[in-house]
Amino acid sequence: MKQAGSNDAGWVDLHIHSTASDGTLSPEQILKMAQDLNLRAISITDHDTIKGAVEAHRHLTPDVELLSGIEISTSLQGNTLHILGYLIDLKDPALSRTLSILQNARKERNPKIIQKLQQLGIELTYEEVVKVSGGGEVGRPHIAEVLLQKKVVRSINEAFQKYLGANGPAYVDKYRLQPAEAISLIADAGGVPVLAHPFTIKTDSERDLDKIVSELVSNGLKGIEVHYSEHTDIQTLLYEQIAQKHELLITGGTDFHGARKAGVYLGVGKGNLRIPYRLVEALKEYKQAHS
Ligand code: AMP
Ligand code: ZN
Ligand code: FE
Ligand code: FE
């Protein structure tokens, strides 16, 4: 895949979850897979934790470049908005402090969700969910998996539709940062803040989306995840135009969760995603010019 003499050849995956959050592969396994797939660079972007990213640095493989990463859940008008952070300093004290607050919010929330499910007559325990999580940050996907194992639902999606989603009877909100706070946190840790999977933003029109992006840009947003497993060609084009208009860096990733997100594969998403290495070069150039 790599071509001699062509410095920006190769493919990357900049949106990956490990066992440190709700992925099913360890950072070491992810690196090994990336190496086998001939990916030139990856970033492990776990939800509200850098433990997987830190761990990955202990298992570096010679041919895969590792970018430090994170995905922070924020709250935008009651909806969830995810902000990715690349090339962050994993030793940044303020980042660690805030992440522990977010992790505590998860720890407070999960037993409440389980209690609600129990009140609905479903037999499950927090311990069962922790066991499924394998010791990383617990999230709703782990609870969904226990519901699936117990045949309460027939799919992870049904678990969200029927119980765990924002309108579900077992939904519990948790403390989340404002987008501006997550953006500053990432920037102050020397990283590049990027809007994750913009297709998840609930808007009625392209103009509304543009307004939200403008606001985020005024908060310090530097990039947008244009290439994503679930983006249609039309969406990809639209987000590319938005990137151009607001002079944002472009990133891309699969949101690989191992076996926990069926049909999404490392490096290629649903099969045809290809994210060029030059996007990584642009991220690094940006960081170098601004540090
Ligand atoms: P949490 O971090 O506990 O708020 O859970 C959020 C995660 O749940 C997201 O990152 C998604 O990966 C996953 N998720 C949300 N909705 C669904 C759904 N309908 N089907 C499957 N996974 C979902
Ligand atoms: Zn996830
Ligand atoms: Fe996300
Ligand atoms: Fe993700």
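Student: Which residue in E6 does Leu84 stand opposite?

Tutor: Leu84 stands opposite Val194 in E6. Keep in mind that this is a predicted model.

Student: How many bridges are there between E5 and E6, and in what sense do the strands pair?

Tutor: There are 4 bridges, and E5 and E6 pair in the antiparallel sense.

Student: And E4 with E5, what sense and how many bridges?

Tutor: Antiparallel, over 8 bridges. In E5, Tyr86 is the bridge partner of Gly69.

Student: What sits between E4 and E5?

Tutor: The two strands form a hairpin with 2 residues between them. Gln77, in the turn, has a positive phi of about 45°.

Student: How many residues of strand E5 are buried?

Tutor: Strand E5 covers residues 79–86, and 6 of its 8 residues are buried, so the strand is largely enclosed by the rest of the structure.

Student: On to the metals. Which residues coordinate the iron ion (ligand 3)?

Tutor: Glu71 through OE, His82 through ND1 and His197 through NE2, at 2.1 to 2.2 Å. Their spacing in sequence is E-x10-H-x114-H. Glu71 and His197 come from distant parts of the chain, 126 residues apart. Glu71 belongs to strand E4 (residues 69–76), while His197 is in the loop between strand E6 (192–195) and helix H8 (206–218).

Student: Are Glu71 and His197 buried or exposed?

Tutor: Glu71 is buried, and His197 is buried too.

Student: What does Glu71 bridge?

Tutor: Glu71 bridges the iron ion (ligand 3) and the iron ion (ligand 4). The two ions lie 3.3 Å apart.

Student: How far apart are the zinc ion (ligand 2) and the iron ion (ligand 4)?

Tutor: They are 4.6 Å apart.

Student: What are the protein donors of that zinc ion (ligand 2)?

Tutor: Asp22 is listed twice, each time through OD, along with His47 (NE2) and His257 (NE2). The donors lie 1.9 to 2.6 Å from the zinc ion (ligand 2).

Student: What is the geometry of the zinc ion (ligand 2) site?

Tutor: The site is irregular, with angles of 53 to 138° among the 4 donor atoms.

Student: Where do His47 and His257 sit in the chain?

Tutor: His47 is in the loop between strand E2 (41–44) and helix H2 (51–56), and His257 is in the loop between strand E8 (249–253) and helix H10 (278–289). That pair links distant parts of the chain, 210 residues apart. The spacing of the zinc ion (ligand 2) donors along the chain is D-x24-H-x209-H.

Student: Why does His47 count as buried?

Tutor: Because its relative accessible area is 11%, which is under the 20% cut-off. His257 is buried as well, with a relative accessible area of 7%.

Student: There's another histidine, His227. Where does that one lie?

Tutor: His227 lies in strand E7 (residues 223–228). At 16% relative accessibility, His227 counts as buried.

Student: Leaving aside its neighbours within four places in sequence, what is His227 in contact with?

Tutor: Its contacts include Thr236, Glu240, Ile250, Thr251 and Leu279. Gly252 and Gly253 are also among them.

Student: Changing topic: which residues of helix H4 are buried?

Tutor: H4 runs over residues 126–133, and Val129, Val132 and Ser133 are buried in it. Seen down the axis of H4, the buried residues fall within an arc of 100°, so they line one face of the helix.

Student: What do those buried residues of H4 pack against?

Tutor: Helix H3 (93–119) and helix H5 (140–149).

Student: And which residues are exposed on the other side of H4?

Tutor: Glu127 and Lys131 are exposed there.

Student: What follows H4?

Tutor: Gly134, with a positive phi near 70°.

Student: How far apart are the C-alpha atoms of Glu127 and Glu206?

Tutor: They are separated by 44 Å, with the two positions 79 residues apart along the chain counted as their separation. Glu206 is found in helix H8, and Glu206 is exposed, with a relative accessible area of 54%.

Student: Last one, the whole chain. How many helices and strands?

Tutor: The chain has 10 helices and 8 strands. Its radius of gyration is 19 Å, close to the 19 Å that the globule rule gives for 291 residues, so the chain is as compact as a globular protein of that length. Buried residues make up 54% of the 291 residues.

Technical notes
Residues numbered from 1 in each chain as written. Chains lettered and ligands numbered in written order. Predicted model: local features only at pLDDT ≥ 70, side-chain atom pairs only at ≥ 80, totals over all residues. Heavy atoms only, no water. Donors = N, O, S within 2.8 Å, 3.2 Å for Na, K, Ca; no water. Buried < 20%, exposed > 50% of the residue type's maximum accessible area, 1.4 Å probe, protein only. Pairing = 2+ DSSP bridges. Tetrahedral: all angles 85-135°; square planar, octahedral: opposite > 155°, others 65-115°. Arc of directions from axis to C-beta. Contact = heavy atoms within 4.5 Å. Rg over C-alpha atoms; globule rule 2.2 N^0.38 Å.
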